[in-house]
Amino acid sequence: MKQINRIMLAGTKSGAGKTTITLSILQGLVDRGYAVSSFKCGPDYIDPMFHSKVIGTNSGNLDSFFCEDDILKNLLYQNSRNTDISVMEGVMGYYDGIGFSDTGSTYSIAAITKTPVILIVDAKGISGSLGAILHGFSDYKKDSYIKGVIFNRLPDRLYDSARKLAEDMGMQSIGYVPVLPEWNLESRHLGLVTADEIKDIKDRIKRLADKLSDTIDFDKILLLAGQAEPLSVSEESSYLDKKGKISIAVAQDEAFCFIYKDNLELLKKAGAELYSFSPLRDRFLPENMDGLLLYGGYPELYAKKLSQNTSLLCDIKKAIEGGMPTIAECGGFMYLHETMEDMEGIDYPMVGVIPGRCFKTKHLQRFGYVYLEGREESLIAGKQEVIKAHEFHYWDSESAGQDFHAVKPDGSREWDCVHANKNLYAGFPHLYFSGNNSITKRFVDRCIHHRLSKHSR
């Protein structure tokens with residue numbers, strides 16, 4: 001049993017103000033001298049980047065679709081070590097999961113981890129109806145774990161009435177956020193712009209945290225976090241045997257930044273040394289690499305500059321065609337095409353490993369969680385082995401691949417996807433290694449094989 005002081009900030013819906021309020025609370029806790037760890041519920045990449053920018057450490061994900069309960073609790077414990085409090089940010093509305101189920105919902109993670117929840121309610125344009133919202137959310141499940149509420153966009157003059165409404169229902173009022181239109185964070189087609197693109201993000205959040213110190217009760221937050229019951233945590237699994245040191249190149253820059261920290265941590269535990277490089281700026285891959293990771297991001301925003309770096313395009317193509325084990329997902333998959341369309345509709349030459357072009361569409365394509373079944377033995381899965389993945393992209397491909405068969409969890413849709421062989425995974429679906437144990441082992445084994453084969457030539 002492990003004692004982890006923890007709290008979850010959940011919203012009644014998407015757009016309720018979770019991210020801005022979470023950032024302000026993280027900053028407020030840091031300003032008060034607390035060591036803080038943070039998590040984002042679900043598969044989101046961008047919000048953890050904001051957490052990381054504010055608190056100065058990496059933020060993790062907690063996803064109840066990808067992970068079994070024991071793994072999820074272990075991730076919470078491992079990433080909370082040496083901190084005083086863990087703050088989790090919810091995803092979508094509190095009870096919103098796959099379809100109308102709990103799977104993948106913020107609520108499911110609160111229930112698995114037995115975490116006290118502070119509900120964020122967008123109070124703009126509402127008065128007495130707040131009572132119905134609070135009553136509905138707190139009583140919808142027998143044990144909702146909702147212990148407190150923060151009212152967002154609430155005029156100062158209405159807070160006393162809103163507080164009394166919450167307290168009459170047995171719910172703690174943690175405070176409120178007044179109407180502050182100047183604090184809205186800018187968005188783009190895959191969510192918020194990234195934290196590194198907002199030059200004054202630290203100063204903005206610091207000023208907001210200072211302002212909310214007058215309206216948010218941090219002592220109540222700390223008290224609720226300290227009341228979280230001890231968590232039963234299993235020891236880490238031992239399937240990752242270190243078989244030898246390997247070197248893996250990881251694309252990391254403004255164009256390729258959608259990276260699960262936990263994926264990289266698993267590779268390190270398996271004996272990998274990771275070497276970051278920039279497809280925007282580096283002319284060649286790092287030397288003597290045994291594997292390559294091309295994660296997602298916003299390559300469509302930098303298509304011209306990526307295309308102009310011809311020496312790296314040639315180096316990557318040579319490495320992949322030479323058998324270097326490579327995982328390229330979503331934006332990384334787009335980068336491997338012969339051409340890619342940018343935001344203005346202009347096509348630019350890319351690596352050229354995948355035939356055809358990637359092009360812009362008007363809507364999200366095949367959005368959400370999927371099960372992937374391998375048609376043949378490949379870099380990440382055996383024949384007919386099923387792994388979990390997630391898609392989130394507006395761009396599409398003339399050549400999306402046929403080496404895996406994807407099925408939505410509710411069975412509502414299915415399709416073929418991914419280019420795969422024993423040394424390659426290239427497709428739109430994002431992979432989360434902690435929820436798919438075989439991926440890390442297979443990838444590391446192939447990297448070791450590639451290193452040994454190079455030395456035997």
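A nonpolar core is a set of buried Ala, Val, Leu, Ile, Met, Phe, Trp, Tyr and Cys residues joined through side-chain atoms within 4.5 Å. In this predicted model, the largest such core comprises 77 residues, and Y94, I150 and F151 have the most contacts inside it. Leaving aside residues up to four places away in sequence, F151 touches V121, A123, L130, L134, Y159, A162, R163, A166, S173, G175, Y176 and V177. Another core, of 34 residues, lies apart from the largest one and includes L294, A303, M324 and F333. In soluble globular proteins, nonpolar side chains tend to be buried together.

Strand 4, residues 85-93, is mostly covered, with eight of its nine residues buried. Strand 1 (residues 6-11) runs parallel to strand 4 and is joined to it by five bridges; within this pairing, I7 stands opposite V87. Strand 2 (residues 36-41) is likewise parallel to strand 4, again through five bridges, and F39 has M88 as its bridge partner there.

Further along the chain, six strands form an open sheet with mixed pairing, in the order 12-10-13-15-25-24. Strand 12 (272-277) and strand 24 (419-421) each have a single partner strand, so one side of each is left without a neighbour in the sheet. On average, neighbouring strands of this sheet are turned by 15 degrees against each other, direction ignored. Within the sheet order, strand 13 (residues 291-294) and strand 15 (residues 326-329) run parallel and are joined by three bridges, with L293 opposite I327. Helix 9 (residues 261-269) lies across strand 10 (246-251), strand 12 and strand 13, and runs at about 135 degrees to strand 12.

Notes:
Residues are numbered from 1 along each chain as its sequence is written. This is a predicted model: local features need pLDDT of at least 70, side-chain atom pairs count only at pLDDT 80 or more; totals for chains, interfaces and linings use all residues. Side-chain values use heavy atoms; hydrogens and water are left out. Two strands pair if DSSP finds at least two bridges between them. Helices (H or I, at least four residues) and strands (E, at least two) are DSSP runs, numbered from the N terminus. Axes are lines fitted to C-alpha atoms, for helices over the stretch in contact, and angles run from 0 to 180 degrees between N-to-C directions. Contact means heavy atoms within 4.5 Å. Buried means under 20% relative accessible area, exposed over 50%, partly exposed in between (1.4 Å probe, protein chains only).
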